[in-house]
Amino acid sequence: MRSEAIIKYVEGPRVLDVGCTDHIVKIGKPEWLHGRLRDHFEDVTGIDISEENLNLMKEYGIPNLYLQSAEDFHFDEPFDTIVAGELIEHLSNPGMFLETAMKHLKSDGHIVLSTPYVFSLLYFLYAFLKFPKTCQNCEHTGWFCIQTMKELVSRYNLKIVEFEMVEDYDPNDPSGTYRMFVRLIRLFRIVIPRRLRQNAMIFVLAKSN
């Protein structure tokens, strides 16, 4: 599970979760990253551009939530870890996010981000079968691979210090075709190479100097 993999790279005490609401607020669900962060760390701040989702979280008593953009947020104190789960592929300018995050990061802090792996079997088959609609999420503005991420972060004086690929499938997805694919992946996982099964990448970034 992606949330479990991300948590092990996060260090406190101050943690910022960028895009904290996710597509759907999943209070109490183990796959909801913001909830997992709050389970592990006492000082967690969340920002998102969805006022509706933020208000829903506030109704559940979740504190330290702010309506701010990932590309231009502002806080007075730096953070030990800035987390961005499945966010960077949605941004108009991912470089602006990295630049802003750098300004809010302690000198020895880290940025932990995840993004879909474009060459996984899931996304390859979707692009092949649905061409020219080659991305299932109409809000995505870009795809990343290991090399493109390495080049992007280097332009903002960042470096990749940890990298991991994980399987991140939702068996409760509303799409029947998707759920069938997940069942097939699990049924034939022994014969499907791991790199084709893994559909999400996790990067841990640190300042280069």
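The following exercises, each with a worked solution, concern a predicted model of one protein chain.

**Exercise 1.** Find how many helices and strands the protein chain has, and work out why the chain can be called as compact as a globular protein of its length.

*Solution.* Begin with the secondary structure, where the protein chain shows 8 helices and 7 strands. Next, take the radius of gyration, which is 17 Å, and set it beside the 17 Å that the globule rule gives for 209 residues; the two values are close, so the chain is as compact as a globular protein of that length. Finally, for the extent in each direction, the C-alpha trace spans about 50 × 40 × 30 Å along its principal axes.

**Exercise 2.** Determine what share of the residues is buried, and what share of the contacts with a separation of 6 or more joins residues 24 or more positions apart.

*Solution.* A residue counts as buried when its relative accessible area is under 20%, and 48% of the 209 residues meet this condition. Turning to the contacts with a separation of 6 or more, we find that 76% of them are between residues 24 or more positions apart. As for the surface, the accessible area of the chain comes to about 11500 Å², and carbon and sulfur atoms account for 52% of this.

**Exercise 3.** Describe strand S2, stating whether it is mostly covered or not, and in which sense it pairs with strand S1.

*Solution.* First locate strand S2 at residues 43-48, of which 5 out of 6 are buried, so that the strand is mostly covered. Then look at strand S1, residues 14-18, which pairs with S2 in the parallel sense over 5 bridges. Within this pairing, Arg14 stands opposite Asp43 in S2.

Definitions and conventions: Residues numbered from 1 in each chain as written. Predicted model: local features only at pLDDT ≥ 70, side-chain atom pairs only at ≥ 80, totals over all residues. Heavy atoms only, no water. Helix = DSSP H or I, 4+ residues; strand = E, 2+ residues; numbered from the N terminus. Rg over C-alpha atoms; globule rule 2.2 N^0.38 Å. Buried < 20%, exposed > 50% of the residue type's maximum accessible area, 1.4 Å probe, protein only. Contact = heavy atoms within 4.5 Å. Areas by Shrake-Rupley, 256 points an atom, 1.4 Å probe, with all protein chains shown as cover. Pairing = 2+ DSSP bridges.
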